[in-house]
Amino acid sequence: MPRTASFVWGLVNTILTIGIAAYIFKWLLQTTVGWYLRRKTSAQRSLLLARVKLEESQLQLRESHLPKSDENGWEKVEKHAVGSAPNGQEADDEWEGIVGNAGGGGERVLWAAINATQKRWPKAVCAVYTGDDANKEEMLTKVENRFNIKLRPPTIIFLPLTTRYYVLSTTYPRFTLLGQSLGSLILAYDAFSLLIPNIFIDTMGYAFALAFSKFFFPTIPTGAYVHYPTISTDMLGSLNSSAGQGLNAGTGKGLRGTGTSSPTSTAASAAPSIS
């Protein structure tokens, strides 16, 4: 009996030690990486906000010389729409934070969300993390021509990512979804090393990027628009031997790959560009 009690006590003591050590390691990791990224991006954040204010003042000066009918309707922005506020209260239309959008260049939902944000919170800055090479003027022109969405340029900034390679399906001929999910962590680190937003929104379907944000920056609200989940029932069904398609069917490699394209299996990895 004493041996049993000693064994149980030793097991409990070991579990508690491991649990405490894991908690301390997690806290140190969160604190260290979070502090490092905030310190690294603080100067960049100040410069970007200063540039936004300068461009906004220049645009307002140009608009002051235009007839009212030529100001694109921005004087008609609704100031009393209900936003996300505690207990259903009216949100502050003077909010000036940064909304970070991880999205591609051809997603209508991304531009519609930015348009809605600009109308609801005109002073908010929308930062788009993107792998596209087009500059802001070209991108916004294409958005207007393709989607008929006219955006206000000063409060939009584009932050180029250099690690897009890690989320491309062609990078992983085996274990494609696992590779892309882990690669999105590298992409998220790349994004947060450029700018840490007040709100982080993913429109590309990289769930691990949201996990990265919540782990290292738990006070930053996150949101997502996901038109295809990372793993869907259709994809699981494609593994059935009678279906003849596998996880890597889009590249013809991997488990039961057939060399044919599977829209469902590639949708989460697509990063469309406006053309």
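Which residue forms a salt bridge with Glu56, and how far apart are the closest N and O atoms? In this predicted model, the partner of Glu56 is Arg152, and the closest N and O atoms of the salt bridge are 3.0 Å apart.

## Salt bridges

The pair of Glu56 and Arg152 links distant parts of the chain, since Glu56 belongs to helix H1 whereas Arg152 sits in the loop between H3 and strand S3 (156-160), 96 residues apart. Both Glu56 and Arg152 are buried. A search of the whole structure finds three salt bridges, and one of the others again starts from helix H1: Glu55 pairs with Lys136, with 3.0 Å between the closest N and O atoms. Because Glu55 lies in helix H1 and Lys136 in helix H3 (residues 136-147), this salt bridge ties together parts of the chain that are 81 residues apart in sequence. Glu55 has a relative accessibility of 24% and therefore counts as partly exposed.

Lys150 and Glu144 also meet through their side chains in a salt bridge, at 3.7 Å from N to O. Lys150 is partly exposed at 38% relative accessibility, and Glu144, at 31%, is likewise partly exposed.

## Fold and confidence

The secondary structure of the protein consists of seven helices and five strands, and from the N terminus on the elements follow the order α-β-α-β-α-β-α-β-α-β-α-α. Of the 275 residues in the protein, 37% are buried. Among the contacts with a separation of 6 or more, 67% are accounted for by residues 24 or more positions apart. The accessible surface comes to about 16100 Å², and 61% of this surface belongs to carbon and sulfur atoms.

The average pLDDT of the protein is 75, and 67% of the residues score at least 70. Over residues 73-84 the pLDDT is below 50, and this stretch has 22 contacts in the model beyond near neighbours in sequence. The pLDDT is also below 50 over residues 251-275, a stretch that has 70 contacts in the model when near neighbours in sequence are set aside.

## Aromatic pairs

A search of the whole structure finds nine aromatic pairs. In one of them, the rings of Tyr129 and Phe200 have centres 6.3 Å apart and planes at 50°, so the pair is tilted, an angle that falls between the limits of 30 degrees for stacked and 60 for edge-to-face pairs. This pair links distant parts of the chain, with Tyr129 in strand S2 (residues 125-130) and Phe200 in strand S4 (residues 199-202), 71 residues apart. Tyr129 counts as buried at 2% relative accessibility, and Phe200, at 2%, counts as buried too.

The rings of Phe215 and Phe216 have their centres 4.8 Å apart, and because their planes stand at 85°, the pair is edge-to-face. Phe215 has a relative accessibility of 27% and so counts as partly exposed, whereas Phe216, with a relative accessible area of 14%, is buried. Tyr129, Phe200, Phe215 and Phe216 are among the members of one aromatic cluster, which also includes Tyr189, Phe192, Phe212 and Phe217.

## Helix H1 and the nonpolar patch

Helix H1 spans residues 2-63 and contains Leu28. Leu28 has a relative accessible area of 42% and is partly exposed. Leu28 is also part of a nonpolar patch on the surface, formed together with Phe7, Val8, Trp9, Leu11, Val12, Ile15, Leu16, Ile20, Tyr23, Ile24 and Trp27, and the residues of this patch have about 1300 Å² of accessible area together.

Lys53 is likewise placed in helix H1, and at 60% relative accessibility Lys53 counts as exposed. The C-alpha atom of Lys53 is separated by 9.4 Å from the C-alpha atom of Lys123, although the two residues are 70 residues apart along the chain.

## Helix H5

Ala207 is located in helix H5 (residues 207-216), and at 44% relative accessibility Ala207 counts as partly exposed. Computed along the sequence Ala207 and Leu185 are 22 residues apart, while in space their C-alpha atoms are 9.3 Å apart.

Terms used: Residues numbered from 1 in each chain as written. Predicted model: local features only at pLDDT ≥ 70, side-chain atom pairs only at ≥ 80, totals over all residues. Heavy atoms only, no water. Phe/Tyr/Trp six-rings, centres within 6.5 Å; stacked < 30°, edge-to-face > 60°. Helix = DSSP H or I, 4+ residues; strand = E, 2+ residues; numbered from the N terminus. Buried < 20%, exposed > 50% of the residue type's maximum accessible area, 1.4 Å probe, protein only. pLDDT = per-residue confidence, 0-100. Contact = heavy atoms within 4.5 Å. Patch = residues over 30% accessible without salt bridge, like charges linked within 9 Å, V, L, I, M, F, W, Y side chains within 5 Å. Areas by Shrake-Rupley, 256 points an atom, 1.4 Å probe, with all protein chains shown as cover. Salt bridge = Lys/Arg side-chain N within 4 Å of Asp/Glu carboxyl O.
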